[in-house]
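Grab your viewer and work through these exercises with me. Each one sets a task and then walks through a solution.

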Amino acid sequence: MGTAMRKAQGQAAEEAAERRAAKAAAMRTARTSEPAAAQQRQAAEAGHEIDIQQLSKSYPHAGGGEPQEILREVDLTVRSGEFFILLGPSGCGKSTLLGLIAGFVAKTSGRLRVGEREVERPGPDRAVVFQQADSSLFPWLTVRENVEFGLRMKKTKAPERRAISDRYIGLVGLTGHEDKFPRELSGGMKQRVQLARVLANDPAILLMDEPFGALDAMTRRTMQRELVRIWRDTGKTVIFVTHDIQEALLLGGRIGIMSPGPSSRISDIYDVALAYPRDIADPAFHELHARIQGHFDE
Ligand SMILES: Nc1ncnc2c1ncn2[C@@H]1O[C@H](COP(=O)(O)OP(=O)(O)OP(=O)(O)O)[C@@H](O)[C@H]1O
């Protein structure tokens, strides 16, 4: 099959998946506002607050000189169930901060706790969603097998695995695509599989590193809407990295602005007191956009 035809088919399949997801979402929104609130309360009670104090990170200099300080004395508290955005210019250290919270980057100094525990390594309470789904999906496994992978590792029994994968495949709008392989999916669909797989493992905290950065504008917008819906449905804590102010304002409850590196820190935090779904034509949206833009024009 020609590349153009594969692309067209992929696009058609994705559009159909998006239509189904939007329809399911519309039905769910009416049903789940109460349970979502209850789940968010439960998450808060479970104590997955992220507490960062005076956190610094330096990398050794490649040429053997002075270490390069990427983050200097970052202070931040993210409450359980919050949707927090890390916004900053390219190279300021957003991914490094996310990696520190994930536990796969070692801190140089300071304190980083999730709940009562100091973060020293990755853990099942924290899952990372990367920009490129390709590098995280197993190409030889189907959508369902990819989503169930972590559950298999945990030796979850087949009927329960099936129920969980059904739920999350449905939640990301991929019902009907369970038996496809990653090569048969569009970029947006692969990103949905990555999200479903992470959600199936039920981490309290989702760490998302520009997860929609590689998608076209339309798919990106759909995924942003879906993510807000999933976050409200599940009550997870989300920390989402982006350098796109509009994306930050569409998604976040609070936006932490990182100063340009080196020695970056969180210089300001904005509360986004706008109802979901956010409307980019809303004058309050514009005003906040202009204020945040001001940080980067200086
Ligand atoms: N393992 C590493 N060793 C040495 N330097 C690193 C390492 N990882 C990142 N850096 C440096 O740390 C700085 C911050 O990188 P990081 O990827 O955290 O920034 P970012 O804000 O996420 O950038 P972008 O928006 O472009 O993805 C960069 O100067 C980068 O070169």
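UniProt positions are given here in the numbering used in this text, with feature names shortened, and annotations may be inferred rather than shown by experiment. As for that numbering, residues count from 1 along each chain as its sequence is written. What you're looking at is a predicted model, where local features need pLDDT of at least 70, side-chain atom pairs count only at pLDDT 80 or more, and totals for chains, interfaces and linings use all residues.

**Exercise 1. Find the annotated domain and describe its make-up.**

Step 1: go to the record. UniProt, in an unreviewed entry, puts the feature "domain: ABC transporter" at residues 50-285.

Step 2: get the secondary structure. Helices (H or I, at least four residues) and strands (E, at least two) are DSSP runs, numbered from the N terminus. Across residues 50-285 the chain comes out as 32% helix and 25% strand, and its end C-alpha atoms sit 27 Å apart.

**Exercise 2. Decide which stretches to treat with caution.**

Step 1: start with the overall scores. pLDDT is the predictor's confidence in each residue, from 0 to 100. The protein chain averages 86, with 84% of the residues at 70 or above. The model also carries an ipTM of 0.97 and a pTM of 0.83.

Step 2: look for the low spots. Residues 1-10 stay under 50 in pLDDT, and the model gives them three contacts beyond four places in sequence (a contact means C-beta atoms, placed from the backbone, within 7 Å). Residues 17-35 are also below 50, and that stretch has 15 contacts beyond near neighbours in sequence.

**Exercise 3. List the ligand's shell and sort it by class.**

Step 1: collect the residues. A residue counts as near a molecule if its C-beta atom, placed from the backbone, lies within 6 Å of it. That gives Tyr 59, Ile 70, Gly 88, Ser 90, Gly 91, Cys 92, Gly 93, Lys 94, Ser 95, Thr 96, His 243 and Gly 261.

Step 2: sort them. Ala, Val, Leu, Ile, Met, Phe, Trp, Tyr, Cys and Pro count as nonpolar, Asp, Glu, Lys and Arg as charged, and the others, Gly among them, as polar. The tally is three nonpolar, eight polar and one charged.

Step 3: which element gives the largest share of the shell? Helix α2 (residues 94-102) does, with three residues.

**Exercise 4. Trace the four-stranded sheet.**

Step 1: write the order. Two strands pair if DSSP finds at least two bridges between them. The open sheet runs β2-β1-β4-β5, with antiparallel pairing. Since β2 (68-78) and β5 are at the edges with a single partner strand each, one side of each has no neighbour in the sheet.

Step 2: walk the bridges. β1 (residues 50-59) and β4 (residues 109-114) are joined by five, with Asp 51 opposite Arg 113. From β4, two bridges lead on to β5 (residues 117-118). Here Arg 113 faces Glu 118, and Val 114 faces Arg 117.

Step 3: check the turn. The β4-β5 hairpin has two residues between its strands, and Gly 115 there takes a positive phi near 60°.

**Exercise 5. Do the same for the six-stranded sheet.**

Step 1: the order is β6-β7-β8-β3-β9-β10, an open sheet with mixed pairing. β6 (126-129) and β10 (266-271) are the edge strands, each with a single partner, so one side of each is left without a neighbour in the sheet.

Step 2: zoom in on one pair. β6 and β7 (residues 205-209) run parallel over four bridges, and Val 128 has Leu 207 as its bridge partner in β7.

**Exercise 6. Hunt for unusual backbone geometry.**

Step 1: recall the baseline. Most residues other than glycine have a negative phi, and most peptide bonds are trans.

Step 2: scan for exceptions. Glu 73, not a glycine, has a positive phi of about 50°, and Glu 73 belongs to strand β2. The Gly 261 to Pro 262 bond is cis, omega near -5°, with Pro 262 in the loop between β9 (254-258) and β10. Tyr 276 to Pro 277 is cis too, omega near -10°, and Pro 277 lies in the loop between β10 and α8 (283-297).

Terms used. Contact = placed C-beta atoms within 7 Å.
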